[in-house]
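Take a look at the model below. This report starts at one residue and works outward to the whole chain and its partner.

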Amino acid sequence: MLKTFRIGGIHPPENKLSAGKKITPLALPQQVIVPLSQHIGAPATAVVKKGDLVKVGTLLAQATGFVSANIHSSVSGKVNKIDNALDASGYRRMAIYIDVEGDEWEESIDRSETIVKTTSLTAEEIIKRVAEAGIVGLGGATFPTQVKLTPPPGNKAEILIINAAECEPFLTSDHMLMMEKGEEVLIGTSLLMKAIHVTKAVIGIENNKKDAIAHLQKLAVEYKGIEIQPLKTQYPQGGEKQLIDSIIRRQVKSGALPISEGAVVQNVGTAFAVYEAVIKNKPLIERVVTVTGKEVANPSNFLVRLGTPITELIEAAGGLPPRTGKIIGGGPMMGKALVNTEVPVTKGSSGILILSEKEAVRKPMENCIRCAKCVSACPMGLNPTQLMTATEFTQWDLAEKNHITDCIECGSCSYTCPANRPLLDHIRYGKGKVMGIIRARKS
Amino acid sequence: MENKLYVSPSPHIHGGDSIKKNMYGVLIALIPAFLVSLYYFGLGALIVTLVSVASCVCFEYLIQKFMMKKEPTIYDGSAILTGLLLAFNLPSNLPVWIILIGALAAIGIGKMPFGGLGNNILNPALVGRVFLLISFPAQMTTWPVPEVMSMHYTDAQTGATVLSMLKGGTENLPSYMNMLWGDMGGSLGEVGAIALILGLIFMLVRKIITWHIPVAILGTVLVFTGIMHSVNPTVYANPLIHLLSGGLLLGAIFMATDYVTSPMSKSGMIVYGIGIGVLTTVIRLFGSYPEGMSFAILIMNALTPLINSYMKPKHFGGK
């Protein structure tokens with residue numbers, strides 16, 4: 001039986017052009033740009049300085065406070081400078097530039113391919129290794145993983161949910177990771193189960209990845225407590241709250257954390273990174289990135305060192321197509337439009353999507369005809385057109401009363417609107433305003 | 001880099017739906033009913049429809065161009081739809097000058113003063129129709145009797161409709177088969193039950209509308225008239241006659257489901273539909289007008305903002 005969430009949802013064309021393309025390691029770039037802020041929370045504090053020699057896996061920057069993450073060098077070479085760099089957010093932020101020399105790894109990292117299935121480490125030690133390795137949510141939200149593995153007092157995890165829905169059109173990095181590193185993903189999952197003291201884990205996969213479902217189901221027989229759950233191909237299946245609703249039929253209350261319903265959700269890429277960190281002692285220094293688009297010559301899945309400028313990935317996939325209109329970091333529904341091709345790959349980069357000029361242009365906006373198609377599409381049960389109007393007229397009290405802060409910014413409303421209204425643009429702005437008002441009221 | 005990149009917030013793709021597609025979808029759904037009216041009312045139906053559509057489009061163009069000084073949006077199909085629905089609510093022997101007044105009321109009072117498509121409170125076609133019904137009660141309530149491929153227009157032979165017969169008792173009614181196919185007197189687009197239901201199915205399949213409003217209206221009328229019929233069968237006609245007569249089907253399928261003037265949440269749609277069903281039945285059974293569909297829809301149109309503010313969509317994680 002295919003499970004799915006109970007409110008709203010859409011089904012955009014899947015366009016998984018790079019499905020089935022083997023993950024290929026990308027050649028080392030000449031220079032990497034490693035931003036100090038690749039996660040939600042405080043930017044990390046640099047612990048290297050200009051001129052330092054680093055190896056693959058050397059700590060570059062230390063987590064600043066609880067919600068933050070360590071950052072390690074993804075290459076060996078010399079620190080060129082610590083300076084501002086444009087990142088995927090479009091802002092200039094501090095980053096460490098490293099000139100690549102050779103490919104020398106820290107000795108502590110086990111680079112062998114042998115699969116180790118068990119560990120004697122305790123839950124606390126696993127979480128400590130995850131924190132040291134700088135692992136964050138690799139689905140794109142980049143929330144530091146050790147924080148999610150440490151539930152606030154009074155909450156107890158009952159189930160681990162692995163998010164392998166990959167509901168964004170075009171993206172295939174998680175899909176190919178499951179196909180090629182299935183065993184490691186399952187071991188990573190059992191490590192996470194051990195870390196949060198649960199005996200049950202469900203890996204949710206959208207049904208458009210039947211091969212991955214079959215592959216993991218075969219492997220999972222040997223892993224106690226891990227179940228593979230096929231899910232209906234419906235966007236945003238991989239939204240955290242939607243996935244919990246799909247799998248355990250519980251809806252996380254407004255403003256609450258998943259743990260309030262006993263669930264801890266981790267991305268499948270994160271599970272793989274946890275395996276490498278805990279078993280192989282390898283910090284998070286590379287990830288799988290899909291490079292795709294209808295005009296891209298060879299849509300591909302690359303294993304990329306963090307900090308590699310995206311131009312290297314685009315070249316490897318056949319170069320920037322003529323008439324390129326937009327380059328997106330992530331998927332077409334929630335990804336960020338990038339300002340140039342020098343932006344580096346970071347922990348949250350799941351894909352590079354290239355749209356042609358024709359695909360990139362928005363159609364002109366018309367009057368809202370109150371058709372309520374956005375209301376039907378909204379997976380949070382909101383009224384997007386009302387929230388947009390409230391924002392336009394700065395009626396923040398009305399927006400707050402109608403739960404604007406619950407918006408998960410999935411974009412289903414704008415996608416659906418027959419009048420081409422930029423609903424999410426307004427709601428996102430209004431949500432920021434209302435959250436600011438709520439914070440000010442509390443302080 | 002040679003070419004410049006577009007930078008905008010997500011989402012970066014669009015589903016391709018448009019106002020035009022929805023409006024023309026409704027127009028396609030109205031074709032079967034239009035063919036039925038051409039068959040039973042002939043030339044009159046053709047003239048009334050052409051005049052109504054052309055005048056609605058013209059008035060919208062003129063008002064947008066010269067009074068609102070905006071780029072006319074007549075190609076979105078909404079003025080054509082208003083014109084067609086207005087025609088469907090008129091008798092097929094109505095003189096041209098009355099139709100023109102109706103079209104002016106629909107567009108000039110019902111739609112454009114509020115800011116055009118999307119901003120009107122009441123269904124424009126019904127504003128036009130009710131304006132005419134109150135201004136020209138005689139002309140608006142003498143309906144031609146069906147005559148296959150009639151070549152008559154204002155000189156057509158007239159007779160009573162099912163609902164006006166019901167005011168005098170439940171005798172001499174047309175057979176169910178006639179009512180299903182549309183072989184009875186009435187406004188030109190409301191008679192063919194089967195054709196209207198075909199339109200409903202088309203709109204449901206194409207996801208232009210959802211089932212909530214039509215089902216709530218028809219269900220309410222069925223239940224309400226059913227109860228009254230079982231209480232006193234000689235005074236109150238059976239629910240099937242109510243379902244197939246007058247503007248009930250046309251209203252429930254095409255008029256009440258107008259996006260702009262109906263509620264946005266599913267629960268709101270149900271409340272709105274029940275309201276229309278109850279009001280229609282009350283007017284039909286106890287009012288002085290034989291038919292109450294137009295009034296019922298207009299009243300519930302007016303209540304739609306209120307329904308919207310009380311009947312919210314089901315909120316994720318809410319009670």
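## One glycine in chain A

A:Gly351 sits in strand 17 of chain A, which covers residues 351–356. Keep in mind that this model is predicted. Is A:Gly351 buried or exposed? A residue needs 20 or more other C-beta atoms within 10 Å of its own to be called buried. A:Gly351 has 28 C-beta neighbours inside 10 Å, so it counts as buried.

Which residues does A:Gly351 touch, once neighbours within four places in sequence are set aside? Its contacts include A:Phe170, A:Leu171 and A:Ser173. A:Val289, A:Thr290 and A:Thr292 are also among them. A:Gly330 and A:Gly331 complete the list. A:Ile310 is 41 residues away from A:Gly351 in sequence, and their C-alpha atoms are 9.9 Å apart.

## A small sheet

Chain A also holds an open sheet of 3 strands. Their order is 3-5-6, and the pairing is antiparallel. Which strands are at the edges? They are strand 3 (45–46) and strand 6 (71–72) of chain A, and each pairs on one side only. Strand 5 of chain A spans residues 59–62. It is joined to strand 6 of chain A by 2 bridges, and these two strands run antiparallel. Across from A:Leu59 stands A:His72, in strand 6 of chain A.

## Chain A as a whole

Now step back. Chain A has 14 helices and 17 strands. Its radius of gyration is 21 Å, close to the 22 Å that the globule rule gives for 443 residues, so chain A is as compact as a globular protein of that length. Along the principal axes, its C-alpha trace spans about 65 × 50 × 50 Å. Of its 443 residues, 57% count as buried.

Contacts in chain A often link distant parts of the sequence. Among those between residues at least 6 apart, 73% join residues at least 24 apart.

Chain A is divided into these domains:

| Domain of chain A | Residues |
|---|---|
| Domain 1 | 27–100 |
| Domain 2 | 123–279 |
| Domain 3 | 286–360 |
| Domain 4 | 373–442 |

How far apart are the centres of domain 3 and domain 4 of chain A? Taken over C-alpha atoms, 29 Å separate them.

## Meeting chain B

Chain A also touches chain B. The contact takes 51 residues from chain A and 33 residues from chain B. On the chain B side, 14 residues are nonpolar, 15 are polar and 4 are charged.

Notes: Residues are numbered from 1 along each chain as its sequence is written. Chains are lettered from A and ligands numbered from 1 in the order in which they are written. This is a predicted model: local features need pLDDT of at least 70, side-chain atom pairs count only at pLDDT 80 or more; totals for chains, interfaces and linings use all residues. Two residues are in contact if their C-beta atoms, placed from the backbone, lie within 7 Å. Ala, Val, Leu, Ile, Met, Phe, Trp, Tyr, Cys and Pro count as nonpolar, Asp, Glu, Lys and Arg as charged, and the others, Gly among them, as polar. Helices (H or I, at least four residues) and strands (E, at least two) are DSSP runs, numbered from the N terminus. The radius of gyration is taken over C-alpha atoms; the globule rule is 2.2 Å times the number of residues to the power 0.38. A residue is buried if 20 or more other C-beta atoms lie within 10 Å of its own, exposed if 12 or fewer, and partly exposed in between; C-beta atoms are placed from the backbone. Domain bounds come from an automatic or database domain assignment. Two strands pair if DSSP finds at least two bridges between them.
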